[in-house]
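Below are some notes for a colleague who is opening this model for the first time. They are set out as numbered points and can be read alongside the structure.

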Amino acid sequence: MKFIGIFLFILCLSCAKDNTGRIPNVFLNFRMSLQEFQIKSTNGVLLVKNQGVAGLIIYKRPIGGYVAFDRCSSVNPEQKCAVEPDDPSLTATDPCSGAKFSLDDGAPVKAPAKRSLKQYQVNVTTFDLSVIN
């Protein structure tokens, strides 16, 4: 019985540790027309300020569909360092740490990144695109 108690205590400590260094949850409800996205985006990438933690990066995948991520790097998120899209726009780089992330799914592709970018839900209708959490 004592062993089970010690195991649960260690498990709780590791869970608490895992929640540190995460990008915070913030309310997000961003909308724009698909036409506006086409006009303002560069190579299928649009950066949006004053949304999320460090802004949004919305990416139109070449095979179809849109994805949206918070620009806040998952490396030291308390610094709120905004990732910048690379050219060509397949990855984004954290200028503070040099970490790279895939724009297709937000996954880390270069150290020191270990966690993916925070992804938001994208809804597309006939004329509009919305990013929510």
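**Notes on the model**

1. Cys81 is buried, with a relative accessibility of 8%. The model is a predicted one, and the remarks that follow should be read as such. Cys81 is joined to Cys96 by a disulfide, with 2.0 Å from S to S. The link between Cys81 and Cys96 is right-handed, with 90° about the S-S bond. It connects distant parts of the chain: Cys81 sits in the loop between β4 and β5, and Cys96 in the loop between β6 (91–93) and β7, 15 residues apart.

2. Why does Cys72 not bond to Cys81? The closest cysteine sulfur to that of Cys72 is in Cys81, but at 8.2 Å it is too far for a bond. A pair of cysteine sulfur atoms has to lie within 2.5 Å to count as a disulfide. The structure holds 1 disulfide. Cys72 itself is buried, at 0% relative accessibility.

3. Ser74 is placed in the loop between β4 (66–70) and β5 (84–85). Its relative accessibility is 11%, so Ser74 counts as buried. A polar atom of the Ser74 side chain lies 2.6 Å from the backbone oxygen of Arg115. Beyond its neighbours within four places in sequence, Ser74 is in contact with Gly21, Ile23, Phe101, Arg115, Ser116 and Leu117.

4. Phe101, one of those contacts of Ser74, belongs to strand β7 (residues 100–102). Phe101 is buried, and its relative accessible area is 0%. Between the C-alpha atoms of Phe101 and Asp86 there are 9.8 Å, with their positions 15 residues apart along the chain.

5. An open sheet is formed by 4 strands in the order β5-β6-β7-β8, with antiparallel pairing. Its edges are β5 and β8 (108–110); each has a single partner strand, so one side of each has no neighbour in the sheet. The antiparallel pairing of β5 with β6 runs over 2 bridges. In this pairing, Glu84 stands opposite Thr93 in β6.

6. Strand β1 (residues 29–33) has alternating side chains. Phe30 and Met32 point to one face and are buried, whereas Asn29, Arg31 and Ser33 point to the other and are not. This fits a general pattern: in a regular strand, side chains alternate between the two faces of the sheet.

7. Which way do β1 and β10 run relative to each other, parallel or antiparallel? They run antiparallel, and 5 bridges join them. Ser33 stands opposite Asp128 in β10.

8. Ser130 lies in strand β10 (residues 128–132). With a relative accessibility of 9%, Ser130 counts as buried. The C-alpha atoms of Ser130 and Asn29 are 7.1 Å apart, although the two residues are 101 residues apart along the chain. Leaving out neighbours within four places in sequence, Ser130 is in contact with Phe30, Arg31, Gln121, Val122 and Asn123.

9. How many aromatic pairs does a search of the whole structure find? The search finds 1. Phe37 and Tyr66 form this pair, which is edge-to-face, with 5.2 Å centre to centre and 85° between the planes. Because Phe37 lies in helix α2 (residues 34–40) and Tyr66 in strand β4, the pair ties together parts that are 29 residues apart in sequence. Both partners are buried: Phe37 has a relative accessible area of 0%, and Tyr66 has 15%.

10. Tyr66 also appears in the largest nonpolar core, which has 15 residues. Within this core, Phe30, Leu56, Ile58, Tyr66, Leu129 and Val131 touch the most other members. At least two residues of the core come from each of β1, α2, β2 (45–48), β3 (56–60), β4, β9 (119–124) and β10. Another core, of 13 residues, lies apart from it and includes Phe69, Val83, Ala99 and Phe101.

11. Val131, named above among the core residues, is worth inspecting for its contacts. Not counting residues up to four places away in sequence, Val131 touches Leu28, Asn29, Phe30, Leu56, Ile58, Ala68, Tyr120, Gln121 and Val122. As a general remark, nonpolar side chains in soluble globular proteins tend to be buried together.

How values were computed. Residues numbered from 1 in each chain as written. Predicted model: local features only at pLDDT ≥ 70, side-chain atom pairs only at ≥ 80, totals over all residues. Heavy atoms only, no water. Buried < 20%, exposed > 50% of the residue type's maximum accessible area, 1.4 Å probe, protein only. Contact = heavy atoms within 4.5 Å. Polar contact = N/O pair within 3.5 Å; in protein donor to acceptor, adjacent residues only side chain to side chain. Pairing = 2+ DSSP bridges. Phe/Tyr/Trp six-rings, centres within 6.5 Å; stacked < 30°, edge-to-face > 60°. Core = buried A, V, L, I, M, F, W, Y, C linked by side-chain atoms within 4.5 Å.
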